[in-house]
Every structure is written in structure tokens, then in C-alpha cells.
Amino acid sequence: MSPTDGPAIELDAVSKSYGEVRAVDGISISIGRGEFFGLLGPNGAGKTTLIEMIEGLRIPDTGSVTVLGRSPAPRNLDLLPLIGVQTQRSAFFTRLTAREHLVTVAALYGLPATAAERALQLVGLTDSGDIRVTNISGGQRQRLAIASALVHDPQVIFLDEPTAALDPQARRDLGQMLRKLKTIGKTIVYTTHHLDEAQGLCDRVAILSAGRVLALDSPRELIARSGIGTRLVVPAGRLSPEQAGNLDGVDGVAVEDDTLVLRTSHTARVLAALGAEADLDDVETRPATLEDVYLELIGAPQA
Ligand SMILES: Nc1ncnc2c1ncn2[C@@H]1O[C@H](COP(=O)(O)OP(=O)(O)OP(=O)(O)O)[C@@H](O)[C@H]1O
């Protein structure tokens with residue numbers, strides 16, 4: 001396969017064990033060029049091991065990995081300029097400003113300062129580029145880590161929980177930045193435990209557990225196929241669980257704290273039937289989410 005066509009990343013029956021622990025157990029995934037691909041799963045699911053094999057940092061026991069048509073392991077130096085990696089432990093030149101840090105990273109790739117400026121601009125740090133790395137906020141730090149992964153204009157970018165440990169505002173801002181990143185046509189492999197973000201950003205996601213792929217598709221398809229449907233949350237005292245269960249179109253009823261939670265695939269029908277028997281004020285409609293699908297697959301209780 002030529003480096004310029006075919007999928008960005010191809011995993012074929014890849015396995016990796018640490019002693020008795022089968023961290024990755026026969027995973028096959030093909031990630032298209034320009035795709036924003038989410039790797040989801042609980043702690044210990046095998047995400048890091050899988051990413052490290054894609055990056056060429058670990059060698060699979062069996063199966064094959066191809067990145068841009070080449071094998072990443074043993075360490076393939078030709079691939080290094082083509083991939084960008086942001087990790088939880090991204091390191092910075094702390095005595096420098098954000099801009100100076102990026103200029104230094106650019107120089108390591110033999111690139112001029114304009115490359116640093118372009119990366120600053122992409123992550124929205126142009127105006128805060130002169131703040132010292134030691135003084136930047138958590139959100140700016142994550143942006144700088146992403147800018148460091150982008151500075152050499154790689155084709156494939158790995159983002160490892162970039163919104164972890166951010167406050168809600170910084171998380172939202174970074175989410176907007178990631179949406180922008182989606183438009184520049186790079187292949188992005190994105191790990192996160194924030195399933196709302198994965199639902200909003202990812203073209204497709206793979207949900208991993210115990211080293212295997214439990215589901216792989218677009219969030220929309222996974223939600224549609226799950227049959228979880230919509231939940232209607234009805235405040236206490238409107239009707240009994242038995243009455244709710246008998247309403248036209250209701251698939252299931254659960255009592256949660258002070259509320260009744262009705263599950264349905266026919267929201268309008270249930271709302272009409274409910275409206276005929278009870279006050280609809282403050283009844284909340286909650287469409288199924290990727291988080292619902294994830295929790296159902298991973299085994300958490302569902303309403
Ligand atoms: N270097 C190692 N030596 C031994 N076992 C390991 C090693 N690295 C990972 N493991 C084990 O392999 C399994 C998969 O771990 P991995 O870190 O790949 O999962 P993960 O999905 O990235 O988890 P997290 O979300 O916590 O980062 C786990 O059971 C873990 O304990």
C-alpha cells in the first residue's frame with residue numbers, strides 16, 4: 001500500500017499481553033484518513049497499550065499495525081514527522097513562554113518560527129503566547145500540549161484525554177477548539193472518558209473492554225442500534241409506576257429518587273398518552289446518548 005492512499009491506521013487481529021494479562025485481545029480496526037476517531041473504554045480496557053502499538057512504542061505479540069501504509073515498529077523514524085502526540089504527561093520547557101516553547105519544538109523539527117505561530121493560532125493561544133509556561137492555566141496548558149503535537153503539521157494526531165482535569169468552562173472552550181481541529185482534515189485518535197465530548201466530536205468510536213472491541217461505529221448509529229430509546233422523566237406524584245407501564249408506547253418504567261423514568265421508542269405517543277392522564281409540566285425528555293450505550297455495554301445499571 002502506498003503511504004498516500006488507504007486507511008490512516010490499520011489494525012489487524014492485534015494482541016498484546018503483559019504476563020498473564022491480555023491487555024489487547026485480537027483487535028481489528030481501520031481508521032480512515034481525516035477521521036476523528038474515539039477510543040473509549042474503562043480504565044484497563046487496553047486503550048494505552050493499543051495506542052502505544054500504533055505509535056510504535058510497543059510491538060504486538062501477534063497481528064499487524066500499519067500507519068499511513070507503514071509499519072510503526074520497530075521504531076520507524078520515517079513516521080515520526082507524520083504523527084503528533086499529546087499525552088497526559090506532555091512536558092514543556094518551563095522557563096520559556098508558550099511561544100518560545102513552541103519555537104523550540106519547531107526548531108527540533110528543523111522548522112521556522114512561523115510553524116510555531118501557526119500552531120499557536122490553531123489552538124487559540126496567539127494572545128497568550130507570551131505567558132510563561134509555569135504561569136499558564138490548565139486549559140492553556142492542554143492547548144499548548146496540543147499545539148506541540150501539531151507544530152510539525154503531522155497527518156495523524158493522538159490526543160489523550162485532553163479535557164481531563166479541566167473546569168467546565170475550560171472544558172467547553174477546549175471542546176470548541178477540538179471542533180475547529182476537526183475541520184483541518186487531520187486523522188485524530190482521541191481518548192476520553194467524557195462521552196458527551198466523544199458523541200459531539202467523533203466521526204466513529206470504538207468502545208473497548210478487557211482488550212476487545214465491544215462496539216464500533218458512529219455515535220449516532222450506536223445510539224440508534226442500541227434500542228435504548230428516549231427516557232421521559234416524570235416528577236413524583238403524577239401517576240403510579242403501574243399506570244405509567246400501561247401507557248401506550250412505554251417500554252419500561254423505573255423509579256429513580258423522586259421521579260418515574262419511562263423508556264420508549266415512541267416519544268410522541270407516550271407524551272400524548274401521558275398528557276391525557278397527568279400534568280406534563282416539568283416532564284423532561286432525554287434522548288439516548290452515547291453514554292447510555294457505553295454504560296449498557298460496559299454493564300452499569302440502566303433506567
Ligand atoms: N507495563 C505494564 N505491565 C503490566 N501490565 C500492564 C502494563 N501496562 C498495562 N498493563 C495492564 O494491561 C491492561 C490494559 O492497560 P492499558 O493501560 O492499556 O488500559 P487503558 O484502557 O489505557 O487504561 P486507562 O484508561 O487506565 O489508561 C490493564 O490490565 C493494565 O493493568
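Visitor: In which hand does helix 2 pass helix 4?
Guide: This is a predicted model. The axes of helix 2 and helix 4 (residues 138–150) come within 9 Å. Where helix 2 passes helix 4, the crossing is right-handed.

Visitor: Is helix 2 roughly parallel or roughly antiparallel to helix 4?
Guide: The two axes cross at roughly 20°. Angles under 35 degrees count as roughly parallel. Therefore helix 2, set against helix 4, is roughly parallel.

Visitor: Which residues of helix 4 does helix 2 meet?
Guide: Start on the helix 2 side. A98, H101, L102 and V105 make the contact there. By class, the residues of this contact are five nonpolar, two polar and no charged. On the helix 4 side, the partners are L144, A147 and S148.

Visitor: How is helix 2 set against helix 3, oblique or roughly parallel?
Guide: Helix 2 (residues 98–108) and helix 3 (residues 113–122) have axes 8 Å apart. They pack at an angle of about 125°. Angles under 35 degrees count as roughly parallel, over 145 as roughly antiparallel, and 65 to 115 as roughly perpendicular; the rest are oblique. So helix 2, against helix 3, is oblique.

Visitor: How many charged residues does the contact of helix 2 with helix 3 have?
Guide: From helix 2 come R99, L102, V103 and A106. From helix 3 come A113, A115, A116, A119 and L120. Sorted by class, the contact has eight nonpolar and no polar residues, and its charged count is one.

Visitor: In which hand does helix 2 pass helix 3?
Guide: The pair packs with axes 8 Å apart. The crossing of helix 2 past helix 3 is right-handed.

Visitor: Which residues does D130 touch, leaving out those up to four places away in sequence?
Guide: First, find D130. It sits in the loop between helix 3 and helix 4. Not counting residues up to four places away in sequence, D130 touches T97 and R99.

Visitor: Is D130 buried or exposed?
Guide: Count its C-beta neighbours inside 10 Å. D130 has 10. A residue with 12 or fewer is exposed. So D130 counts as exposed.

Visitor: What distance separates the C-alpha atoms of D130 and L232?
Guide: Along the chain, D130 and L232 are 102 residues apart. In space, their C-alpha atoms are separated by 50 Å.

Visitor: Where is D248, and is it buried or exposed?
Guide: D248 lies in the loop between helix 8 (241–245) and strand 11 (250–256). Beyond its neighbours within four places in sequence, D248 is in contact with R269 and A273. It has 12 C-beta neighbours inside 10 Å, so D248 counts as exposed.

Visitor: How far apart are the C-alpha atoms of D248 and F37?
Guide: The two residues are 211 residues apart along the chain. The separation of their C-alpha atoms is 39 Å.

Visitor: Which residue in strand 1 has a positive phi?
Guide: Strand 1 covers residues 9–18. A residue there, other than glycine, has a phi near 50°. With 12 C-beta neighbours inside 10 Å, this residue counts as exposed. The residue is A13.

Visitor: What is the phi of D282?
Guide: D282 is in the loop between helix 9 (267–277) and strand 13 (284–286). It is exposed, because 10 other C-beta atoms lie within 10 Å. D282 is not a glycine, yet its phi is positive, at about 65°.

Visitor: What is the omega of the peptide bond that joins A73 and P74?
Guide: P74 belongs to the loop between strand 4 (62–67) and strand 5 (83–86). The peptide bond from A73 to P74 is cis. Its omega is about -5°.

Visitor: How far apart do the C-alpha centres of the two domains lie?
Guide: The protein chain is divided in two. Domain 1 spans 9–224 and domain 2 spans 229–287. Their C-alpha centres lie apart by 41 Å.

Visitor: What percentage of the residues in the protein chain is buried?
Guide: The protein chain has 10 helices and 13 strands. Its C-alpha trace spans about 70 × 45 × 35 Å along the principal axes. Of the 303 residues, the buried share is 38%.

Terms used: Residues numbered from 1 in each chain as written. Predicted model: local features only at pLDDT ≥ 70, side-chain atom pairs only at ≥ 80, totals over all residues. Helix = DSSP H or I, 4+ residues; strand = E, 2+ residues; numbered from the N terminus. Buried ≥ 20, exposed ≤ 12 C-beta atoms within 10 Å, placed from the backbone. Domains from an automatic or database assignment. Axes fitted to C-alpha atoms, helices over the stretch in contact; angles between N-to-C directions. Left-handed = near helix turned anticlockwise from the far one by under 90°. Contact = placed C-beta atoms within 7 Å. Nonpolar A, V, L, I, M, F, W, Y, C, P; charged D, E, K, R; others polar.
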